[in-house]
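Here are a few short exercises to help you find your way around a new structure. Try each task on your own before reading the solution.

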Number of protein chains: 2
Amino acid sequence: MTGKKKTAQASLEAMYRVFTVPEAPDSTLSRIDQDISRNLAGFLQEHIVAIERDLGDVVKDFSESAVPEKPVFVSEQTQFLLDKLVAHSVHTASPSFIGHMTSALPYFMLPLSKIMIALNQNLVKTETSKAFTPMERQVLGMIHRLVYNEDSAYYRKWMHDPRYALGAMCSGGTIANLTALWVARNHAFPAEGSFRGIHQEGLFRALRYYGHEGAAVLVSKRGHYSLSKAADVLGLGRSSLISVPTDDDNRIQTDALREKCLELQAQKVRILAICGIAGTTETGNVDPLEEMADIATEFGAHFHVDAAWGGPTLFSRTYGPLLKGIEKADSVTFDAHKQLYVPMGAGLVVFRDPALVGAIEHHAQYIIRKGSRDLGSTTLEGSRPGMAMLIQSGLKILAREGYELLIDQGIEKAKRFAEMIEERPDFELVTRPELNILTYRYCPAETQAALARADTLQSERINASLNRITKFLQKTQREHGKAFVSRTRLEPARHHRYPCVVFRVVLANPLTTQEILRDILDEQAELAGHEEARDEMEVLHNLTRAVLDAPRANRA
Amino acid sequence: MTGKKKTAQASLEAMYRVFTVPEAPDSTLSRIDQDISRNLAGFLQEHIVAIERDLGDVVKDFSESAVPEKPVFVSEQTQFLLDKLVAHSVHTASPSFIGHMTSALPYFMLPLSKIMIALNQNLVKTETSKAFTPMERQVLGMIHRLVYNEDSAYYRKWMHDPRYALGAMCSGGTIANLTALWVARNHAFPAEGSFRGIHQEGLFRALRYYGHEGAAVLVSKRGHYSLSKAADVLGLGRSSLISVPTDDDNRIQTDALREKCLELQAQKVRILAICGIAGTTETGNVDPLEEMADIATEFGAHFHVDAAWGGPTLFSRTYGPLLKGIEKADSVTFDAHKQLYVPMGAGLVVFRDPALVGAIEHHAQYIIRKGSRDLGSTTLEGSRPGMAMLIQSGLKILAREGYELLIDQGIEKAKRFAEMIEERPDFELVTRPELNILTYRYCPAETQAALARADTLQSERINASLNRITKFLQKTQREHGKAFVSRTRLEPARHHRYPCVVFRVVLANPLTTQEILRDILDEQAELAGHEEARDEMEVLHNLTRAVLDAPRANRA
């Protein structure tokens, strides 16, 4: 289909053609396909515009609400996508895009994805997936082994037994966490006597039957928002997700956790699950998993670990031990589209006990019949793509050694970046990296001195001003299009727990160099001197001087 | 990376290469990539083996449970995938694969998918998706308009307003149905007085506060199993999904529905939602949606329509009216990876009222902040790929006219196939196609005559024998690899509601010809004469003769 001025026709013949005739090698779409294969970085660099166009403006290109009556040529739609969509998409693979957990992909993932899409398997059942089914079970087994480290005989016994499951594949960490808590909830209220189980009778009758006043899930205040979403979906209510304070390193305070559990128990609230975090989303910290496991055992709670981010750290001999205790978890969430470097849309949860998943098993007449090998009987989702193929390929092509290198370089780069930040007088490191995530902010040396000395009120005023500056810097840097860091809000102890807006950096892209990191700091410092920032910088300066210039004596 | 006998190395340098150097044009993976682009049908035909290998045997190729220590070359893994995975995958695109809802894809979907994967956007937030965000909103708007047919001014007002959402994109129909019922549940128990809403306080307190004994969702017995899964997940319990009888055409009996609602009301059970089906999974029938809408209004229930399969019928001027009443639904599930012909992993739900989704809105500090345009605040999933790009491309390249042709040819082909089945004395049409799905079974003419005359016990015995034959034929035909029909179990009135196993056929692939359909019947008839079937066929024959040969007089 060339760009000639003829109109596309929706005839039955044209429809057959759409299903049988590939794009000609010289068509716009084929050329893009080849461009991407030959030089992905170049393609992205060339086609994604650097300077941000306001999203309110981009919206105009997507304002038509009616499905078009007449077909357009593939070439026409391709050109539209290039100009209007690709141009204003986000260069997530850029080494200076260090603000979120979406990074570059290994090259081989692209043609492999094409095979996956061409095969268009549906993993809900073997009849539409065949060999993909044992392959998915193998991937679940490999991650299970990475976490729980059972011996080969264990996996020979359990990995392919259709009556059990070592885990469940899903579209991402949110569904993985939801699946884990669904299992935990159902497991806590099994069938007994006249009660047919919560899966049959629901939460209301479960609590009445078992004589509880409620059911709670506990996690540190750094828990991912998907857990509160899961608490809502599961009928527990968001207020049943109990937020436990953290220490200065953003790790759960186990004393506070235990106290909270005792308190809930006294209120006749059933403790469904305790969630540990292996790599908090905002700061990359790891909870004291071993102690948490003990507390979970003490209260008969399911112990879940959200390792969506940090799980692959287990590949590293050096840093894997940071996750010690994860092998005591009843379930562990792992995201493949994060540090397994698989394209978007792949997560999974593994279960220590292969029978646990029985708590959510379901069947139907036309598929996932009892006794079948169909994976759909133990997943929250129904129809699902064969993403396991990409995970398996990553695990084999990169192997443990490869992932170890990726993990190690990320963590070491984060440590080095933290040093760089500390070496610069005009920046403040807010959270030190434990894994490959850190937070910091721009903060002039004199302001740092003032903060060290300020009283609570002064400190709040200064931090409020810094917050406005951080927001401005983050937004402006993103709009300028050279680099991207994200931002979040933390309550550091040294700032009297005042909510401070901070830059958040995730160092997972192996192509991010120290030069790039230095440039990012330079640009931020430079932006702080911009015209637009001037008023707020003056406010900050005055607040700073007010503290520094006040006679020492007055401050007692 | 060639196939030479050297070993792959996991050095940091090798890792950089993996992220920066594309596969060489003559590498195994590149060649496959090109093969697929040039001749997808040929590739699948050549590489997927026709004769089925036993799944228990395939498992052996996926028995290793440890993540390999050392990397393998891309070429090695590619060869492995070709020999062990692709070879034993399912040819879902084959025109004789008419057993499930996974069909062939339009050719342009392949290179477009590559662009999507190369861009690796994450739709949870605009910072990782930019223009993809308004594009997704547009797709939701277009499907909303297809269903609800509001005017352009309506969509100008609502489609891009970040405070509202016309729907939610998700990985498939299961999550779409779950999302709809989640919204319905939360909407039924809002904050009021001292009660902070079910999303905060959970189902237990919601029922107590509102003074209900339970909460129910009603759907016909043909409802998809995802609804019962949703009832479990949402804490309602599977027994709260009330199954309503259907008429002889597999449509819900509205009298029975209304009666059931009255009964539940008398028991102080809150009727959360009534679900209509537009295209039942097993038989492709459409519920009387208008009447159901009225009943939902009468009982103050959310009216949800599961149009995962049948939704795109709305593109057809001829058959669209079959779904009359769908525009009265509060929410409608649509699957894009079914009859929108998009690769696996794309579904959505649209809401009549753009404010409804507020019932499940959620926020976090580092993304989906209040007031942001981030789509993640109203989806069940977190990180999600940019599948909306493929849906939008389908809607523009095929357009309404193109989808209409696809829908029409499928329904007409199903009608023609039903005639073919009826013309053959040795087959019995079990359910007549309303959309493009039908069920039938092999049943010799003399047995049909016997069934027409048999008493209940005789009928049961004959049907039990036919069930064994149907299972054998379906399994054997699949194993022979030329064609695939699925099977399910129905309770036809004319067989005294005995559970009959039937072949289930879904005619969505435009390349399926009448010759192929005839061949499928021929092969089934031929398989019935096979050695392996002989014993059961003899049982059937004897049961048949016993009925036919009994003197008429005895049967009074």
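## Two helices across the interface

In this predicted model, helices α9(A) and α11(B) are roughly perpendicular to each other, and the exercises start from there.

**Exercise 1.** Work out why α9(A) and α11(B) count as roughly perpendicular.

*Solution.* Start by locating the helices: α9 covers residues 173–188 of chain A, and α11 covers residues 225–233 of chain B. Next, take the angle at which they pack, about 70°, with the axes 11 Å apart. Angles of 65 to 115 degrees count as roughly perpendicular, so this pair qualifies.

**Exercise 2.** Find which residues make the contact between these helices, and sort them by class.

*Solution.* From α9(A) come A:Trp182, A:Arg185 and A:Asn186. From α11(B) come B:Lys229, B:Asp232 and B:Val233. By class, that gives 2 nonpolar, 1 polar and 3 charged residues.

**Exercise 3.** Now step back and describe the area buried between chain B and chain A.

*Solution.* Begin with the residues: each chain brings 170 to the contact. The buried area is about 15,100 Å², with 65% of it from carbon and sulfur atoms. On the chain B side, B:Phe19, B:Lys130 and B:Tyr366 lose the most area to chain A, together 6% of what that side buries.

**Exercise 4.** Count the salt bridges across the interface and look at one of them.

*Solution.* The rule finds 12 salt bridges between chain B and chain A. One to look at joins the side chains of A:Glu213 and B:Arg208, with 3.2 Å from N to O. To finish, sort the side of chain B that touches chain A: 82 residues are nonpolar, 52 polar and 36 charged.

Methods. Residues are numbered from 1 along each chain as its sequence is written. Chains are lettered from A and ligands numbered from 1 in the order in which they are written. This is a predicted model: local features need pLDDT of at least 70, side-chain atom pairs count only at pLDDT 80 or more; totals for chains, interfaces and linings use all residues. Side-chain values use heavy atoms; hydrogens and water are left out. Contact means heavy atoms within 4.5 Å. Buried area is the accessible area (1.4 Å probe) that two parts lose on being put together, summed over both. A salt bridge is a side-chain nitrogen of Lys or Arg within 4 Å of a carboxyl oxygen of Asp or Glu. Ala, Val, Leu, Ile, Met, Phe, Trp, Tyr, Cys and Pro count as nonpolar, Asp, Glu, Lys and Arg as charged, and the others, Gly among them, as polar. Axes are lines fitted to C-alpha atoms, for helices over the stretch in contact, and angles run from 0 to 180 degrees between N-to-C directions. Helices (H or I, at least four residues) and strands (E, at least two) are DSSP runs, numbered from the N terminus. Angles under 35 degrees count as roughly parallel, over 145 as roughly antiparallel, 65 to 115 as roughly perpendicular and the rest as oblique.
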